[in-house]
Amino acid sequence: MVAETHLTPDDLIAPLFVREGIDEPHPIGSLPGVVQHTVASAVREAGELRRLGVPAVILFGVPERKDAEGTGASDPDGIVQVAIRALKDAHGDDLAVIADLCLDEYTDHGHCGLLTPSGEVDNDATLDRYAEVAVAQADAGVDIVAPSGMMDGQVAAIRDALDEEEFAEVAILAYAAKYASALYGPFREAVDVEICGGGDRKGYQQDPANVRESLEEVRLDVAEGADLLMVKPALAYLDVIARVRAEHDLPLAAYHVSGEYAMIKAAAANGWIDGHLVAMEHLTSIKRAGADLILTYLAREAAEALA
Ligand code: PBG
């Protein structure tokens, strides 16, 4: 009666990995219970999630071939575009289909953008690629694009490109404050990404020491036309979630990332914690901090528990 926070399935967004060229779903070792889907199994999983009251999925592609420009990301027959079409055909308006919009799953060097000849990420050249990816995803029928590369100006570039191609109704979920976190480790196994030369993303993602810097990043994304905002990761950044919530009225999402999920599963497998109770505590706390929506690999099990 006096609970201030209520978690419901419609707060949840399920990440789905879709891999090109496989006939069966492949398990992901560091994310127990999560798989790389075929297009058909992704469609089935989305149907199950819908039945449980989860309103949306976010797609990540695992292409067969990678190259310097991340060509697969904008290929009309690229794996995510194929999956978007199949999901919209099967589920129509019952399911919101979100596509992660980035190049790292598709580049052979593993960075989120194009590289200059000296190997630096080229912010402005990358924006043109993001615009192409956005249009390809919109053309396939995506409802929301979610740029996660943290290039400066990415929201404006994508908004312009979508509007120009008559995709004004496609919304942008901006990874607005995304930290250069060590918690993305299992995700990189899931999408088969290794950053070349043992590199990192500190040149474009946020410093975990900073919150004011993130608030500036969020303001820029709002000014550029973001429709929904995201803070990522979630638990170590509840203060950031609370401050973004206090300052902005757009819907706010938080990404409970792969490392956060993996830590629960690993400790639970050892019998050190009650995994399900910890999972529900994490999700409730993220909502309490101010998130309206939570992207989480726990979506299915949480929705089953809440049903
Ligand atoms: C980049 C992207 C990443 C995640 C989502 N989008 C990885 C990165 O920035 O290195 C991580 C998600 C997770 O860890 O669950 N396309």
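User: What is a pocket in this model?
Analyst: A pocket is an open set of grid points with protein on both sides within 12 Å along at least five of seven lines. Please note that the model is predicted.

User: How much space lies in the largest pocket?
Analyst: The largest pocket holds about 270 Å³ of space.

User: Which residues are closest to its centre?
Analyst: G33, V34, E45, Y297 and R300 are the closest to the centre of the largest pocket, out of 17 residues that line it.

User: Which elements supply at least two residues of that lining?
Analyst: Two strands and two helices do so: strand 1 (12–19), strand 3 (35–37), helix 1 (39–51) and helix 10 (299–306). Strand 1 gives the largest share, with four residues.

User: And how do the lining residues of the largest pocket divide into nonpolar, polar and charged?
Analyst: Eleven residues of the lining are nonpolar, three are polar and three are charged.

User: Staying with helix 1, which residues is V43 in contact with, leaving aside its neighbours within four places in sequence?
Analyst: V43, which belongs to helix 1, is in contact with A86, L87, A90 and H91 once those neighbours are left aside. The C-alpha atoms of V43 and I84 lie 9.4 Å apart, although 41 residues separate the pair in sequence.

User: Now helix 10. At what angle do the axes of helix 9 and helix 10 cross?
Analyst: The axis of helix 9 (residues 275–289) crosses that of helix 10 at roughly 95°, and the two come within 11 Å. Helix 9 is therefore roughly perpendicular to helix 10, as angles from 65 to 115 degrees count as such.

User: Which residues meet there, in helix 9 and helix 10?
Analyst: From helix 9 come H276, A279, M280 and L283, and they meet E301, A302, A305 and L306 of helix 10. Six residues of this contact are nonpolar, one is polar and one is charged.

User: What about helix 3 and helix 4: how do their axes cross?
Analyst: The axes of helix 3 (residues 123–140) and helix 4 (residues 154–164) cross at roughly 45° and come within 9 Å of each other. Helix 3 is therefore oblique to helix 4.

User: Is the crossing of helix 3 and helix 4 right-handed or left-handed?
Analyst: Helix 3 passes helix 4 in a right-handed crossing. On the helix 3 side, the contact is made by L127, Y130, A131, A134, V135 and A138. Helix 4 contributes Q154, A157, I158, A161 and L162. Ten of the contact residues are nonpolar and one is polar, with no charged residue.

User: What value does phi of M150 have?
Analyst: Phi of M150 is near 60°, a positive value in a residue that is not glycine. M150 is located in the loop between strand 6 (144–147) and helix 4.

User: Is the peptide bond from K232 to P233 cis or trans?
Analyst: The K232 to P233 bond is cis, and its omega is near -15°. P233 itself sits in the loop that runs between strand 8 (228–232) and helix 7 (238–247).

User: Switching to closed space, how many cavities of 30 Å³ or more does the count give?
Analyst: The count gives one cavity of 30 Å³ or more. About 130 Å³ of space lies in this largest cavity. K232 appears again here: among the 19 lining residues, D104, K178, Y184, F187 and K232 are the closest to the centre of the cavity.

User: Which elements give two or more residues to the lining of the largest cavity?
Analyst: Strand 7 (171–178) and helix 5 (185–190) do. By class, the cavity lining has nine nonpolar, three polar and seven charged residues.

Methods:
Residues numbered from 1 in each chain as written. Predicted model: local features only at pLDDT ≥ 70, side-chain atom pairs only at ≥ 80, totals over all residues. Heavy atoms only, no water. Axes fitted to C-alpha atoms, helices over the stretch in contact; angles between N-to-C directions. Parallel < 35°, antiparallel > 145°, perpendicular 65-115°, else oblique. Left-handed = near helix turned anticlockwise from the far one by under 90°. Contact = heavy atoms within 4.5 Å. Nonpolar A, V, L, I, M, F, W, Y, C, P; charged D, E, K, R; others polar. 1 Å grid on protein atoms, 1.4 Å probe; cavity = no way out; pocket = protein on both sides within 12 Å on 5 of 7 lines; lining within 4 Å. Points joined across faces, edges and corners; volume = space filled by probe spheres on them.
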